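Work through the following exercises with the sequence and the coordinates at hand, and try each task before reading its solution.

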Amino acid sequence: MPVRIQEWMHFLRCLISVAALIVGFVHGAQAHSLEELDAMLQGDEKYFQQIDEPAPDFTLRTADGHMVRLADLRGKVIILHFIYTSCTDVCPLHAEKIAEIQKMVNGTPTKGQATFVSITTDPTRDTPNIMRNYGPTHGLDPVNWLFLTTAPDQPEDATRRLAEVFGHKFTKTNDGIQAHGIVTHVIDKEGRWRANFHGLDFAPINLVTLINALTNSIERPHHEQEAGWLAKLKNLF
């Protein structure tokens with residue numbers, strides 16, 4: 001019986017992913033450019049903020065000690081957010097929201113073109129073992145998810161200062177708590193910062209729609225774009 005339940009849950013997740021992709025295609029296909037899609041999202045999603053500027057650069061490391069630069073992720077759409085693992089209120093909720101979006105994306109052909117990045121703002125306490133356990137605890141799939149921290153030669157507050165460059169603060173207090181906002185950042189395949197989604201109340205499908213548009217080069221001429229949407233939908237079946 002538990003196996004049957006798992007099979008049904010997997011089937012339902014697949015249906016949700018396909019539905020999300022179709023909605024994203026339909027929404028995206030109505031726009032001839034990212035400017036038009038941005039205008040649609042601004043009308044539909046009050047927590048969406050349009051941006052178009054170079055993304056703040058960074059060089060950080062994984063729990064296993066591998067260095068990752070923003071340039072290393074070129075060619076992928078990046079969904080990036082800042083958290084710290086000892087946070088007991090909004091950070092876990094933010095991670096689980098990102099995991100929900102990741103599941104939607106990973107059930108579609110865009111899986112290999114998107115990378116989800118979490119950056120800790122508490123590198124002293126977020127040790128490699130804690131970082132390794134955080135993803136599985138909150139449903140994040142390591143296949144296209146990175147959890148990054150500072151390198152040994154970087155200042156302890158390097159990632160908090162990076163968050164400030166991205167436009168929001170993690171203010172550390174004496175008891176280790178950090179007062180902060182919640183923002184999900186979107187960076188396109190060329191390394192340009194394209195959008196923020198503020199808070200936790202935005203509709204996941206709106207972020208998935210933007211990811212689909214950025215991975216499928218919506219800025220091509222409309223007749224070419226339409227053939228691309230249809231071809232990809234056919235490949236689903």
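**Exercise 1.** Determine whether Cys 91 is buried or exposed in this predicted model, and then establish why Cys 91 forms no bond with the closest cysteine sulfur.

*Solution.* Begin with accessibility: Cys 91 has a relative accessibility of 1%, and because the limit for a buried residue is under 20%, Cys 91 counts as buried. Next, look for a partner, and the closest cysteine sulfur turns out to be that of Cys 87, at 3.1 Å. A disulfide requires two cysteine sulfur atoms within 2.5 Å, so the sulfur of Cys 87 is too far from that of Cys 91 for a bond. Cys 87 is likewise buried, with a relative accessible area of 5%. Finally, extend the search to the whole structure, where 0 disulfides are found; Cys 87, accordingly listed in no disulfide, has the sulfur of Cys 91 as its nearest cysteine sulfur.

**Exercise 2.** Describe the second largest pocket by its volume, by the elements that supply its lining and by the classes of its lining residues.

*Solution.* The volume of the second largest pocket is about 240 Å³. Turning to the lining, one finds among its residues Thr 62, Ala 63 and Asp 64, together with Met 131, Arg 132, Trp 145 and Phe 147. When the lining is sorted by secondary structure, helix H4 (128-138) and strand E6 (145-148) each contribute at least two residues, and the largest share, 4 residues, belongs to H4. Sorted by class instead, the lining of this pocket comprises 8 nonpolar, 2 polar and 2 charged residues.

**Exercise 3.** Find how many aromatic pairs the structure holds, which residues the ring pairs link into a cluster, and where Lys 97 lies with respect to Phe 202.

*Solution.* A search of the whole structure returns 7 aromatic pairs. Following the ring pairs from residue to residue then yields a cluster that joins Phe 82, Phe 166, Phe 170 and Trp 193. As for the charged side chain, Lys 97 is placed over the face of Phe 202, at a distance of 4.6 Å from the ring centre.

**Exercise 4.** Locate Ile 177 in the fold, classify its exposure, and set its separation from Ser 86 in sequence beside that in space.

*Solution.* Ile 177 sits in the loop that runs between strand E7 (170-172) and strand E8 (178-180). Its relative accessible area is 43%, which makes Ile 177 partly exposed. Although 91 residues separate Ile 177 from Ser 86 in sequence, their C-alpha atoms are 8.2 Å apart in space.

Notes. Residues are numbered from 1 along each chain as its sequence is written. This is a predicted model: local features need pLDDT of at least 70, side-chain atom pairs count only at pLDDT 80 or more; totals for chains, interfaces and linings use all residues. Side-chain values use heavy atoms; hydrogens and water are left out. Buried means under 20% relative accessible area, exposed over 50%, partly exposed in between (1.4 Å probe, protein chains only). On a 1 Å grid over the protein atoms alone, a cavity is a set of points where a 1.4 Å probe fits but cannot get out, and a pocket is an open set with protein on both sides within 12 Å along at least five of seven lines; lining residues have an atom within 4 Å of a point. Grid points are joined across faces, edges and corners, and a volume is the space filled by probe spheres set on the points. Ala, Val, Leu, Ile, Met, Phe, Trp, Tyr, Cys and Pro count as nonpolar, Asp, Glu, Lys and Arg as charged, and the others, Gly among them, as polar. Rings of Phe, Tyr and Trp (its six-membered ring) pair if their centres lie within 6.5 Å; planes under 30 degrees apart count as stacked, over 60 as edge-to-face and the rest as tilted. A charge sits over a ring if NZ of Lys or CZ of Arg is within 6 Å of the ring centre and within 35 degrees of the ring normal.
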